[in-house]
Structures are given as C-alpha cells and as structure tokens.
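Q: Could you show me how to read the features of a fold, taking the general idea before the particular case?

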Amino acid sequence: MSSKCIAMCFSSFLLLFGCGSPTKPSNSDLSWKTYDPLSYPSLLVNKVDRGAINVYVVGEEDLLVQHIAESISKWTAPLPNGSIRTRFVSSLSDADLLVEVVPPIAGMRQFTTLMPYNRPVITLFENHSKTVLLHEMGHAMGLDDTYVAYHDGRTGNLTSTCDLYENQPLSIMCLGGNGEYRLYSDDMSWIRSLYASRQR
C-alpha cells in the first residue's frame, strides 16, 4: 500500500470505505475524489431525482433542522433539477440519512459513516458549526476529503494540508475552505461530476 494511500485512509478512517474505493477522473479541472455511486447506492446523490431526501434526526438542537435543509439545498443546487426538499421523518426505516448529535468526545472529530447499502450517518457534536455540517453533508452525498493528512517531519505531529501534492482549489471539503458557509467552484464541479457518473 502506498504512503499516499495510507495517509488518505488515516485522514478518513471514520469513513468506513477502504483505501481502494475512491476514484479520480482524468479531467484535470476536477481536483479530487468521489465514491462510486453504483457501488454505494445509499449515497444521497442517488436520491436527488426523487425531489426530496428523507432525514431522521437524533438529539435535535435549535436550528439543526434548518441547517440540515440548507446543507442539502446547497449541495443539490448545482444539479440539473436545482435544490431539492428535505423531508424530516419520524421513522428511521423511512430515512435516507441519519443525523445524530452527541456530546463532544475527547480526541475525536465529527464524522460521517458510509456503508454500501445502509444509509449515511452524520455524527455531530453539540457545539458543531453549520460549516462542519455542510462538509459532512458532502460526504453523505458521496464526496471525499480533499485534504491530505501527513506527519510533519519537523514536529512529528499529524497535520493536514490542501497542498501536499499539488495546488488544491478552495473547497468546503478541504479543511472547510476559508471557513465560509458556502460551496466553492471545486465543490460544484465535483457534485455535478458525481451526479453524471451514475449514468455510465
């Protein structure tokens, strides 16, 4: 296994995919990786043509429901049919996505769990920001992190960068872009590419 693959796996170890799953298109304008929507039918990108995504929420907070709907709207706005609705359901069996809010866990990051045939699960801490939710929603759609985790030779610490191998455009999937609550052109290019890849 290559050192680059190990680094990417470590940075995404809470995404239960495995190092061989990501694919990178040859189009040089698209700078990062997605997960195969045909291999992972549970990805939300496979649900958007229905016009709504069903969400089940555990540990609801003030504004969380609004922020979930905003995140789904932002990720689907670049697609051919535009922004779609979010439908909050009372039964987990009806849900395309589970969002759970838990107390902060020392040494842990907020994360998204993806399995091929089970719904995505976004786990947020009680003090989460809506920018973090937007990033995690990108994973639920089917997008990978654009940053690379590596050990800093000077400090020995694990750190993350967007620029280890090549210049990385600003992206909500790369360390939150510059912290703004928005998608960047790189994000929009990739969600369009991922949506189109379902047709191959």
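Q: At what angle do helix 2 and helix 3 pack, and how far apart are their axes?
A: The model is a predicted one, and in it helix 2, residues 64-76, packs against helix 3, residues 130-141, at an angle of about 50 degrees, with 9 Å between the two axes. Angles under 35 degrees count as roughly parallel and those from 65 to 115 as roughly perpendicular, so helix 2 is oblique to helix 3.

Q: Is the crossing of helix 2 and helix 3 left-handed or right-handed, and which residues make the contact?
A: Helix 2 passes helix 3 in a right-handed crossing. On the side of helix 2 the contact is formed by Leu64, His67, Ile68, Glu70, Ser71, Ile72, Lys74, Trp75 and Thr76, while helix 3 contributes Lys130, Leu133, Leu134, Met137, Gly138 and Met141.

Q: How do the residues of that contact divide into nonpolar, polar and charged?
A: In the contact of helix 2 with helix 3, eight residues are nonpolar, four are polar and three are charged.

Q: Which residues outside its own stretch of sequence does Thr131 touch, and is Thr131 buried or exposed?
A: A residue is called buried when its relative accessible area is under 20%. Thr131, which lies in helix 3, has a relative accessibility of 16% and therefore counts as buried. Leaving aside residues up to four places away in sequence, Thr131 touches Ile172, Gly179, Glu180 and Tyr181.

Q: Where is Tyr40 found, and is Tyr40 buried or exposed?
A: Tyr40 sits in the loop between helix 1 (3-11) and strand 1 (52-58), and because its relative accessibility is 8%, this loop residue counts as buried. Tyr40 can also be located relative to Arg119, a residue 79 positions away along the chain, since their C-alpha atoms are separated by 9.7 Å.

Q: How many helices and strands does the protein chain have, and in what order do the elements run?
A: The secondary structure of the protein chain consists of four helices and seven strands, and from the N terminus on the order reads α-β-α-β-β-β-β-α-β-β-α.

Q: What percentage of the residues in the protein chain is buried, and what share of its contacts joins residues 24 or more positions apart?
A: Of the 200 residues in the protein chain, 48% are buried. Among contacts with a separation of 6 or more, 63% join residues that are 24 or more positions apart.

Q: How much area does the protein chain expose, and what part of it do carbon and sulfur atoms supply?
A: The protein chain exposes about 9,700 Å², and carbon and sulfur atoms supply 51% of that area.

Definitions and conventions:
Residues numbered from 1 in each chain as written. Predicted model: local features only at pLDDT ≥ 70, side-chain atom pairs only at ≥ 80, totals over all residues. Heavy atoms only, no water. Axes fitted to C-alpha atoms, helices over the stretch in contact; angles between N-to-C directions. Helix = DSSP H or I, 4+ residues; strand = E, 2+ residues; numbered from the N terminus. Parallel < 35°, antiparallel > 145°, perpendicular 65-115°, else oblique. Left-handed = near helix turned anticlockwise from the far one by under 90°. Contact = heavy atoms within 4.5 Å. Nonpolar A, V, L, I, M, F, W, Y, C, P; charged D, E, K, R; others polar. Buried < 20%, exposed > 50% of the residue type's maximum accessible area, 1.4 Å probe, protein only. Areas by Shrake-Rupley, 256 points an atom, 1.4 Å probe, with all protein chains shown as cover.
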